[in-house]
Amino acid sequence: MLGIIGAMDVEVSAIKALIKNSVTTKIAGIDFVCGEIENVMVCVAECSPGKVNSAMCAQIMIDRFKPELVINTGVAGSLSNDVAIKNVVIANDVCQYDYDTTVCGDPLGYLCGVNTVKIECDKEASDLLARCAINSGEKIHRGTIATGDTFVSEPLLKEKITSSFGAICCEMEGGSIGHVCRANNIPFAVLRSISDGGNENSFIDYPTFKKIAANISTTILISFIKNQKTQLEFED
């Protein structure tokens, strides 16, 4: 089964609409919609924004529905001049920029328990997402995606994240979903389309471009699922 998690309705509604023979299970206020897309078993959830919400959703999904791969999809803010609005970012790894135990001598972002700053994404799934994005005509970037419980729109915070982690975009769920997947030994990937520049114009750009950006991510993800169908048929 493929697990798909997005924070907002705009990020997962089109995917849910494609599910056949769907069954919805509500747990902790989250609807987990399971069924088939292109004969591939999927479980899709809208977790709500933020690290706690997304981590809770990921753990429930893993415990209850046993996905073999989890993909976090949605929109993000750019942290790089090279990453423009409507570009696609596929994470090589994720970090949590607001996890701070530096007073104890740890590096900024060092995640106790998994004992690392950056958590690597599944290479095979990420490479396939990249190919699907390219085949869909999108401009893609690969790199670190930074997660935190702040909608980044302030230049000083943006500079701190880029200088500390070398991240190329920021959002509020990928790092925490990755943290949970790493703890459970579940492969994961993060696919994001850029809705804003993570700057003082974000409050204008984000509502303008979030639906467009979300649709780009959705198109790529559907292509990914169709590819899974092809692989299953080949294996049969």
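Ala 125 is found in helix H3, residues 123-135. Before going on: this is a predicted model. Ala 125 is buried, because its relative accessible area is 6% and the cut-off for buried is under 20%. What does Ala 125 touch, leaving aside its neighbours within four places in sequence? The contacts are Leu 69, Ala 189 and Phe 224. For a sense of distance, take Asp 82: Ala 125 is 43 residues away from Asp 82 in sequence, and their C-alpha atoms are 24 Å apart.

Next, Val 70. Its place is in strand S5, and S5 runs over residues 69-78. Is Val 70 buried or exposed? Its relative accessibility is 1%, so Val 70 counts as buried. With neighbours within four places in sequence left aside, Val 70 is in contact with Gly 3, Ile 5, Ile 177, Cys 181, Ile 186, Pro 187, Phe 188 and Ala 189. Ala 189 is therefore a residue you have heard before: it is on the contact list of Val 70 and on that of Ala 125. Val 70 and Asp 127 are 57 residues apart in sequence, with 15 Å between their C-alpha atoms.

Strand S5 comes up again with helix H4, which spans residues 155-165. Which residues of H4 are buried? They are Lys 158, Ile 161, Thr 162 and Phe 165. These residues cover an arc of only 100 degrees around the axis, so they sit on the same side of H4. As a reminder, an α-helix has 3.6 residues a turn, so residues three or four places apart point the same way. On the face of H4 turned away from the buried side, the exposed residues are Leu 156 and Ser 163. What covers the buried residues of H4? The cover includes four strands: S5, then S6 at 88-96, S8 at 140-147 and S9 at 167-171.

Now the backbone, and two residues to look at in the loops. Most residues other than glycine have a negative phi. Lys 86 is not a glycine, yet its phi is positive, at about 80 degrees. Lys 86 is found in the loop between S5 and S6. With 39% relative accessibility, Lys 86 counts as partly exposed. The other residue is Asn 115, also not a glycine, with a positive phi of about 55 degrees. Asn 115 lies in the loop between S6 and strand S7, which is residues 119-120.

Last, the whole chain. The protein has 6 helices and 10 strands. Its radius of gyration is 17 Å; a compact globule of 236 residues would have one near 18 Å, so the two agree. Along the principal axes, the C-alpha atoms fill a box of roughly 50 × 35 × 35 Å. Of the 236 residues, 53% count as buried. Taking contacts between residues at least 6 apart in sequence, 76% join residues at least 24 apart.

As for the surface, the accessible area comes to about 10400 Å², and 51% of it belongs to carbon and sulfur atoms. On charges, there are 20 positive and 29 negative, and their mean positions are 3 Å apart.

To go back over the local part: Ala 125 in H3 is buried, Val 70 in S5 is buried, and the buried residues of H4 are on the same side of that helix. Lys 86 and Asn 115 are the two positive-phi residues I have shown.

How values were computed:
Residues are numbered from 1 along each chain as its sequence is written. This is a predicted model: local features need pLDDT of at least 70, side-chain atom pairs count only at pLDDT 80 or more; totals for chains, interfaces and linings use all residues. Side-chain values use heavy atoms; hydrogens and water are left out. The radius of gyration is taken over C-alpha atoms; the globule rule is 2.2 Å times the number of residues to the power 0.38. Buried means under 20% relative accessible area, exposed over 50%, partly exposed in between (1.4 Å probe, protein chains only). Contact means heavy atoms within 4.5 Å. Accessible areas come from the Shrake-Rupley method with a 1.4 Å probe; for residues, only the protein chains shown count as cover. Lys and Arg count as positive and Asp and Glu as negative; His and the chain ends are not counted. The place of a charge is taken as NZ of Lys, CZ of Arg, CG of Asp or CD of Glu. The arc is that of the directions from the helix axis to the C-beta atoms.
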